[in-house]
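Colleague: I would like to learn how to read a protein model feature by feature. Could you take me through one, giving the general idea before each case?

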Amino acid sequence: MVLRGASEVGAADPGTGGPPGQAGPSAPSGRATLKTIAELTGLHVSTVSRVLNGTSSGARAASAATAERVRQVAREVGYVPDIQAAGLRRQTSRLLGVMMARLTDQVLASIYEGVERAATRHGFHTMVSNSWDDPATREAHIAMLLSRRVDAMIFGDAHVDGRFVAEFATHGVPFVLVNRRAGDHPSVTCDDLEGGRLAAEHLHALGHRRVGVVAGLPYAANGLDRTSGFTRYFAERGHPVPGRLVVHASFDAAGGALAAARLLDHEPRLSAIFAVSDFAAIGVLGLLRERGLRAGQDVAVVGFNDVPIAAQLTIPLSSVRSPMCDVGAQGVDLLVRMMRGEPPERIMLPPELRVRESSARPYTDA
């Protein structure tokens, strides 16, 4: 990207948008347009359009300072982009289709928030559907979104086998995966392998050796990678986690409770449980309470994602933080770059461990 300096704006007075010493033109009455903003900033209409509509047309990008000035003036004059008219001019809809497994999931809702904010920044509207991880529902909703002439798609519900993603690729519509990876398809996710490793390193350092995993759904790459990073760490240190102590379950509290019950039935002396989602970990905490066990003392618990409620629980939950909103926003950024002709990428954002009471007490009798 070429960075451009103050000369790009014609040495405009930063307070008025006009030449030094002169008052800038006032906004005309009626609906503000790109021409309005161009007059107020002293820029060409095409430069203003590139900033506000996220287009490049082979031209150099505006500098960060210029782009911010354009957006500030747009806000001041109440500019509202005419998405439909712009789409007709370019033979595009300026619509992004978004497919999530279920927006009742707070993690997916946070990712979608990032998607929507970034889409607006790039001049797109979004249309979102829930697939409920059901192939027939997904197929029907994809057909609906394509019938609305979406310019591109964001998928947050990919299965690790990549089958439906490969089928969708035949439509020739650009797409990016978020939340879950699949094969070599373009994606933005948390570095889930590293997140699982961080949880394992923490529990291993506390002295835990009899550990179990609530592993998530067997077709979701994020849960599989978090589990793999965790179990690999223990195996490399001579303490492999037995297969019976890795239980797949849904990412919600009900799934976590059922999985924790199975783990404790297999190994009553279990000293720590890693759940690949915070809501599954909350289910684990509830099951421990039902069985008269104290989280953080009798059994350590670590979750994943660090949703806001994790720190507010009666026993605050240790969790591996994933940058949920950033995953969604960077997914759209990647998609826009691809639509401009740049190569696809697989981006993994770094996780961070947040240690709280559910796993803070050293365990010495393992």
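Modeller: What follows goes from the overall fold to a helix pair and then to single residues. This is a predicted model, in which local features need pLDDT of at least 70 and side-chain atom pairs count only at pLDDT 80 or more, while totals for chains, interfaces and linings use all residues. Residues are numbered from 1 along each chain as its sequence is written, and side-chain values use heavy atoms, with hydrogens and water left out.

Colleague: How many helices and strands does the protein have, and what share of its residues counts as buried?

Modeller: Helices (H or I, at least four residues) and strands (E, at least two) are DSSP runs, numbered from the N terminus, and the protein has 12 of each. Buried means under 20% relative accessible area and exposed over 50%, with partly exposed in between, for a 1.4 Å probe and protein chains only; of the 366 residues, 52% are buried. Contact means heavy atoms within 4.5 Å, and among the contacts with a separation of 6 or more, 69% are made by residues 24 or more positions apart.

Colleague: How do helix H5 and helix H12 cross?

Modeller: Axes are lines fitted to C-alpha atoms, for helices over the stretch in contact, with angles from 0 to 180 degrees between N-to-C directions. The axes of H5 (residues 106–121) and H12 (residues 324–339) come within 7 Å and cross at roughly 40°. Angles under 35 degrees count as roughly parallel, over 145 as roughly antiparallel, 65 to 115 as roughly perpendicular and the rest as oblique, so H5 and H12 are oblique to each other. A crossing is left-handed if the near helix is turned anticlockwise from the far one by less than a right angle, and right-handed if clockwise; H5 passes H12 in a right-handed crossing. Residues of H5 including Val 107, Ile 111 and Ala 118 meet a set in H12 that includes Met 324, Cys 325 and Val 332.

Colleague: How many disulfides does the structure hold?

Modeller: A disulfide is a covalent bond between the sulfur atoms of two cysteines, and the criterion is a pair of cysteine sulfur atoms within 2.5 Å. The structure holds 0 disulfides. Cys 190 is buried at 5% relative accessibility, whereas Cys 325 is partly exposed at 32%.

Colleague: Which side chains make polar contacts with His 208 and His 122?

Modeller: A polar contact is a pair of N or O atoms within 3.5 Å; within protein, one must be able to donate a hydrogen and the other to accept it, and residues adjacent in sequence count only if both atoms are side-chain atoms. His 208, in the loop between helix H8 (192–205) and strand E6 (211–214), is buried at 1%, and its side chain makes a polar contact with that of Ser 271 (2.8 Å). His 122 lies in the loop between H5 and strand E2 (125–130) and is buried at 11%; its side chain makes a polar contact with the side chain of Arg 121 (3.4 Å).

Colleague: What does Gly 216 touch beyond residues up to four places away in sequence?

Modeller: Gly 216, found in the loop between E6 and helix H9 (221–236), is buried at 1% relative accessibility. Gly 216 touches Val 247, His 248, Ala 249, Phe 251 and Val 276. Gly 216 and Ser 250 are 34 residues apart in sequence and 5.4 Å apart in space, C-alpha to C-alpha.
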